[in-house]
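Let's work through a few short exercises together. Have a look at the sequence and the model, try each task yourself, and then follow the solution.

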Number of protein chains: 2
Amino acid sequence: MNRTELVKEIRAKASYLCIGLDPDLNRLPHHLLEHENPIFEFNKQIIDATHDLCVAYKPNIAFYESLGVQGWIALQKTLDYIPETHFTIADAKRGDIGNTSKRYASTFFEQMSFDSITVAPYMGIDSVQPFLEFDKKWVILLGLTSNKGSQDFQFLQADGKPLYEHVFRTATTWGSPENLMFVVGATHPEQVQKIRTIIPDHFLLVPGIGAQGGDLAAVSRYGMNKDCGLLVNSSRGIIYAGEGEDFAAHARAAALAVQQQMAALLDKYI
Amino acid sequence: MNRTELVKEIRAKASYLCIGLDPDLNRLPHHLLEHENPIFEFNKQIIDATHDLCVAYKPNIAFYESLGVQGWIALQKTLDYIPETHFTIADAKRGDIGNTSKRYASTFFEQMSFDSITVAPYMGIDSVQPFLEFDKKWVILLGLTSNKGSQDFQFLQADGKPLYEHVFRTATTWGSPENLMFVVGATHPEQVQKIRTIIPDHFLLVPGIGAQGGDLAAVSRYGMNKDCGLLVNSSRGIIYAGEGEDFAAHARAAALAVQQQMAALLDKYI
């Protein structure tokens with residue numbers, strides 16, 4: 001999916017919601033465990049209940065990988081089931097020397113047909129570039145993450161600027177707003193305004209609202225650009241909103257609440 | 001495997017060689033393609049031909065993941081085949097928020113029984129700590145990597161020290177020389193001496209000799225400590241030393257040449 005198509009979807013749905021599909025066998029509604037593939041069945045019902053409210057789905061690969069072969073089958077079935085109108089994100093946080101990153105890129109972009117993948121920046125240009133060489137595919141590079149450990153290295157000051165700012169400035173010489181986004185955690189709204197002066201045009205993938213406590217209104221106020229420029233993710237807050245047989249209806253209600261807030265914010269800021 | 005056991009193996013074999021099992025279907029000897037599982041057959045013959053010359057095997061997960069379900073089966077069979085005397089490294093470069101890293105740790109340590117996993121430091125403490133909570137299991141944290149892109153961020157100066165030094169100093173407060181190693185590329189021998197003043201006791205996993213051009217003698221001179229403290233990896237230089245039906249004999253010859261050099265270096269320095 002290219003940028004124009006993504007922006008069109010955001011406008012049509014008045015939503016920049018990304019739903020994290022991170023299914024945990026221990027948290028699935030019990031009645032699903034009878035299904036041949038409970039993880040896929042869970043995802044399918046979540047997708048059925050929410051696809052008109054969101055523009056992206058983001059499976060975190062750890063949750064599938066931990067289930068072995070069954071998990072990879074569930075991931076592929078999920079990906080095949082997500083409508084083509086939706087932007088798909090492999091939340092994999094990969095990154096390795098060139099010939100290995102090329103291998104990861106081929107896996108997620110060609111074999112599994114994801115639109116994008118999250119990538120860690122530590123190893124620099126040749127660990128990222130192989131992912132940027134695919135038409136209509138995207139790198140979503142870790143910039144400023146939502147977790148507590150983001151304090152350990154990302155805020156280290158080098159030449160008067162925090163490390164995460166170096167990541168933005170350097171990586172924008174590798175890719176463009178047409179194939180490169182950045183992860184910026186919703187738990188850092190005070191930094192978002194400054195970040196927008198460095199990367200005004202790039203899309204930001206914003207995790208951390210919901211279970212991690214980030215603030216959607218603050219992130220939207222400081223982070224939105226003329227094309228919206230945001231994909232805001234919620235995983236646990238939506239997919240585990242209910243626990244019983246009606247879990248999908250609860251997930252829809254939770255997604256609808258976020259989408260309505262987003263519609264108002266879009267009206268207000270662009 | 002704990003540290004005492006690993007050091008004992010190194011002394012017994014006069015080797016600190018780690019062999020990277022990164023099988024590429026396009027580079028396998030043609031006659032193996034007839035096998036039911038060519039990747040496993042390739043690894044099996046490499047292991048048979050080299051196990052007395054090395055102390056560790058390091059499958060890079062990208063090469064298995066890219067083959068889908070067949071790849072994961074080959075990985076598990078390979079892992080089951082590696083003798084228990086050998087230290088196993090999942091070269092996966094993972095790292096995510098706490099609940100997700102916990103999931104990755106369970107996958108590689110409990111389900112697949114790897115002794116260790118490579119982890120990226122960018123997301124900080126809560127992305128690394130879940131891997132450190134397993135008995136006799138190891139984190140191998142990216143410190144100073146062997147690739148060209150290591151110049152982009154790892155050498156940024158913060159408070160008068162390069163970023164990679166901050167990673168060493170901070171991470172040694174999270175783990176000990178009993179459960180934490182660091183990746184230090186053989187392409188940076190001039191930094192290794194300095195690194196040893198910061199982390200005298202930790203093991204270093206050293207990629208980059210062979211195809212990437214690093215220098216074994218220089219790295220050993222500056223990097224060895226009283227317990228050896230090094231695992232030096234070669235992947236392509238060994239596993240693709242030959243192309244025909246006798247590929248395993250060529251791999252053995254290549255591994256033997258490295259091991260003999262290592263035996264001499266161990267004699268010289270410890």
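**Exercise 1.** Find the turn and the shift that lay chain B on chain A in this predicted model.

*Solution.* Begin with the general idea: two copies of a chain are related by a rotation about an axis and a shift along it. Here the turn is 180 degrees and the shift along the axis is 0.0 Å. After this operation, chain B lies on chain A with an RMSD of 0.0 Å. The two copies are therefore related as by a two-fold rotation axis. Next, look at the contact residues: 98% of those of chain B recur in chain A, which tells us that the same surface serves both copies.

**Exercise 2.** Which residue of chain B comes closest to the rotation axis?

*Solution.* Going by C-alpha positions, the residue to pick is A158(B), at 2.2 Å from the axis.

**Exercise 3.** Locate A14(A), then decide: is A14(A) buried, exposed or partly exposed?

*Solution.* First, the place: A14(A) sits in the loop of chain A that runs between α1 (3–13) and β1 (17–21). Second, the backbone: A14(A) is not a glycine, yet its phi is positive, about 50 degrees. Third, the count: A14(A) has 16 C-beta neighbours inside 10 Å. A residue is buried at 20 or more and exposed at 12 or fewer, so A14(A) counts as partly exposed.

**Exercise 4.** Do the same for K136(B): where is K136(B) placed?

*Solution.* K136(B) belongs to the loop between α6 (125–132) and β5 (138–144) of chain B. Its phi is positive, about 60 degrees, although K136(B) is not a glycine. With 13 C-beta neighbours inside 10 Å, K136(B) counts as partly exposed.

Notes
Residues are numbered from 1 along each chain as its sequence is written. Chains are lettered from A and ligands numbered from 1 in the order in which they are written. This is a predicted model: local features need pLDDT of at least 70, side-chain atom pairs count only at pLDDT 80 or more; totals for chains, interfaces and linings use all residues. Copies are superposed by least squares on the C-alpha atoms of residues with pLDDT of at least 70 in both. Two residues are in contact if their C-beta atoms, placed from the backbone, lie within 7 Å. Helices (H or I, at least four residues) and strands (E, at least two) are DSSP runs, numbered from the N terminus.
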